[in-house]
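Hi,

Here is the structure I said I would pass on. Have a look at it first, and then read on for what turned up when I went through the empty spaces and the surface.

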Amino acid sequence: MISRCKRTVAILLCCLMLASLTACGGSSSSVSTSEPTGPSRTDLNVAARALASLDPQVSTQANDVQFYRQVYEGLVKVDQYGNVEPRIAESWEQSADGMVYTFKINPNIKFHNGDKLTADDCVFSIERSAEHNIMNAYNRDIVSVSSPDDNVVEIRLSAPNSAFMFNIFQIPIVSRRAVEEMGESFAAKVNGAGTGPYEVVEYDPNVKIVLKKFADYYRPTGNIETVNINTIEEASTRLVAFEAGDLDFVDVPPSNWKTIKSNSNYKTWEQETSRVTRFVLRTYVNQKGESAVMANKNIRLALAHALNKQAIIDVAVDGLGVPADVICNPKYVKGSSAEGVTIYEYNPEKSKQLLAEAGFPNGVDVGTIIVPNQYNQPSIAQVMHAMLEDVGIRAILDQTDATTGSARAKVGDFGCMYITTSTMVGHLSSFLTRLVHTSALGTQVAKYNSPELDKLVEAGNAATTEEEMMHNYNQITKYIGDACIEIPVFYVTTAYASDPGLDAPTTVDYYYYADWKWN
Amino acid sequence: MHRYILKRLILLIPVILGATLIIFFIMSLAKGDPGSVILGQAGTEETITKLNESLGYYDPFFVRYFRYIKGLFMDFDFGYSWKTGLPVANEISKRLPVTLTLASVGVFTASFIGIPLGILTATKQFTLLDDIPTAIAMIFAATPIFWLGMLLVLIFSLWLGWLPTFGSTSWKNFILPMTSIGLCYGARQMRYTRSSMLESIREDYVRTARAKGAQEKTVIWKHALRNALLPVVTVMGNEFGALCGGSAVIENLFAIPGIGSYIVQGINFRDVPVVTGCVVVVAILYSCVTLVVDLTYAFIDPRTKAKFTK
């Protein structure tokens, strides 16, 4: 009996020793070999909202464009600083009068369906964009498009336009054959009509879209071979999926940022954007015949000085923002500059003094503030409201859905202010016409209605040199700043989290999976 | 019976006409036009007007309405989405099976939980077997379904890693939504069943059945329950109909592409063809469900069956 026990113990001890020897052996990677070790993965799992259509000329919603940029390309690419890079066009020339652009097409480009790209496809795509209202903002100056030969595209404009290269970047080039053969199903089925670094291999917009790296792509790319884009509408669901390991990359809502940032299992970073939250004041008599308290400039200045922008950022969006002094972020929007622009420092005492000078020493009722229920605008509104109350500016917050809020704002159906967060990317010309020019008065909220501004916008848009353009646009931003009708509050900072092994550079507007890689 | 069914199906036509008229009217009152929403910041007054004109947005109310009804009844055409330009019918046909699956498993789970517990609490009234389930049912009946869903995701997907966090491609994806719906709706069904059973077991025929020596199991399940089920079946039908159109919150939470989330997208984009198409489908479903509920009465209650056969 005792000897049997001893034998059993001995066998057990031997097994333990063998097990510990194996454990101490170390992983195979610590053994030096002559073969280099590659990345651990080649697939990527991300999430996005449902895609509207596979036709890239049907939607300009940010979520859809984020997808289109992976699959389709334009003649050129404009980076986040406004610099133009060659893509389908390898070079270009501008005529002396700025009205004719000639693009030389890269002869080595193929569509995902295997067809070689020719100038005819470019002409077809640009002419096709004119049929879509959505693309009108980018092609309205184009008078004609032609292809003198298979590798040259010539575009004639109705007038010089300093934003032309940015506009032409927005028009994706698609395969003529794919569009004509597929007809209506072009927008709903895998079409092979793009030239981008990734091609669509599976398409179910309500569930998942699978992209595969295009083998014949003409530029270098990262090591991600497959991208699985899962459709998840809700931001909180995307975050939970990321935390559960189902996603490798996610944009983090501000309310969850502190928790995610403190978790050392994730790689996290903040990305400054050109999205700007601003307060637009009503200074005109609206359609109902109601006059505007904000027509009094002293009250507007009092409001501006009552705002502590950093405090709004810290409290309402958990620090995810950068205080803004001009409408468009000068770091990223070509043509925008803060030089000479009036800056309104936080000064509640000055606010009260200005109100007293305006004839309201005991405060003033300014009416309603429209608060669209999107982004963090309700939180922003509450913080701002408290600051205004402190100096005696009394307002009523009117929270509504985004579409209704926008419709009401355009007709001035509010007393004091409309809070908006909008994306201002690329070229200032793209936005100034809509923002201040009288031709767009119907869609404006501020409704400047100023011939002086009109002349500056037209001169800036028609400028043929960068100095001329910058000078005119700077005058516009100074005018807007001095008028104090639109108060920029902060540029939105987007928070991202990813798997620590993923190198995922993001930009101020869109990111490109072709630039990403697994380490 | 067949004539009754045919009559009910024909009554679907005025139901659809009424539902579509109400939707058209409500959407016409809502501020915001599709052109502004679709074009967003890229839209100028000219392009917005042009897009709205091409969508027929500025046509008079009754012109738009009759054009839609004509397409619906003559060609079974639900129109094209203003946002995507794709046929609404195609999208609905993809989403409807998902919604029906969610609604079916949800109601089934609710009944599986609610009816037996309702019977138990009614037969064991004034005991702990009544008090505890009733208290728990009150908690779940008052719990918002999306909050419960998020809690379940946190526990079972994130902490335990047993179930997926989103999607609709596998049966595992439906466990958490089914549980959320089952617990919240099951609590309500339990309350209805309990109340109905308490009335039923006090009836004279139940006392007679006991006096005749029937087993308690037979008295409860064969005699009392059949009568008690009538209001419960009505509630089940209502819940199924509500889930068909109103499960947007659950669908968004679990990333399940159903009709509910499609309606919400349509409303946000002022996409009238989408909203109207979904409402027509939900109205038809609801009418069919109430027809099935009425026919179920005939199955459960011999008196109702006799009325049909007369």
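Before the pockets, one bit of vocabulary: a helix here is a DSSP run of H or I with at least four residues, and helices are numbered from the N terminus. Please also keep in mind that this is a predicted model.

Let's start with the second largest pocket, which has about 850 Å³ of space. Its lining takes in 35 residues, and those nearest the centre are Leu55(B), Tyr80(B), Ser81(B), Trp82(B) and Gly85(B). Which helix gives the most to this lining? That would be helix 5 of chain B, with four residues. Helix 4 (45-54) and helix 14 (272-300) of chain B, like helix 5, each supply at least two. By class, the lining of this pocket splits into 15 nonpolar, 12 polar and eight charged residues.

Helix 5 turns up again on the surface. A nonpolar patch there is formed by Leu6(B), Ile10(B), Ile13(B), Leu17(B), Phe73(B) and Met74(B), and together they have about 570 Å² of accessible area. Helix 1 (2-10), helix 2 (12-29) and helix 5 (61-75) of chain B each give two or more residues to the patch. Take Phe73(B), which sits in helix 5: is this residue buried or partly exposed? Phe73(B) counts as partly exposed because its relative accessibility is 34%, and that class runs between 20% and 50%.

Now for the closed spaces. The structure has eight cavities of 30 Å³ or more. The largest cavity holds about 140 Å³ of space. It has 16 lining residues, with Asp325(A), Thr342(A), Gly481(A), Glu486(A) and Pro488(A) nearest its centre. Helix 16 (466-483) and strand 17 (486-498) of chain A each contribute at least two residues to that lining, which is made up of 10 nonpolar, three polar and three charged residues.

The second largest cavity comes to about 90 Å³. Its lining draws on both chains: Ala50(A), Asn206(A), Thr231(A) and Glu233(A) are among the residues there, as are Arg95(B), Glu251(B) and Gln265(B). Two elements of chain B, helix 12 (248-253) and helix 13 (259-268), give two or more residues each. In this lining, four residues are nonpolar, five polar and three charged.

That's what I have for now. Shout if you'd like to go through any of it together.

Cheers

Terms used: Residues numbered from 1 in each chain as written. Chains lettered and ligands numbered in written order. Predicted model: local features only at pLDDT ≥ 70, side-chain atom pairs only at ≥ 80, totals over all residues. Heavy atoms only, no water. 1 Å grid on protein atoms, 1.4 Å probe; cavity = no way out; pocket = protein on both sides within 12 Å on 5 of 7 lines; lining within 4 Å. Points joined across faces, edges and corners; volume = space filled by probe spheres on them. Nonpolar A, V, L, I, M, F, W, Y, C, P; charged D, E, K, R; others polar. Patch = residues over 30% accessible without salt bridge, like charges linked within 9 Å, V, L, I, M, F, W, Y side chains within 5 Å. Areas by Shrake-Rupley, 256 points an atom, 1.4 Å probe, with all protein chains shown as cover. Salt bridge = Lys/Arg side-chain N within 4 Å of Asp/Glu carboxyl O. Buried < 20%, exposed > 50% of the residue type's maximum accessible area, 1.4 Å probe, protein only.
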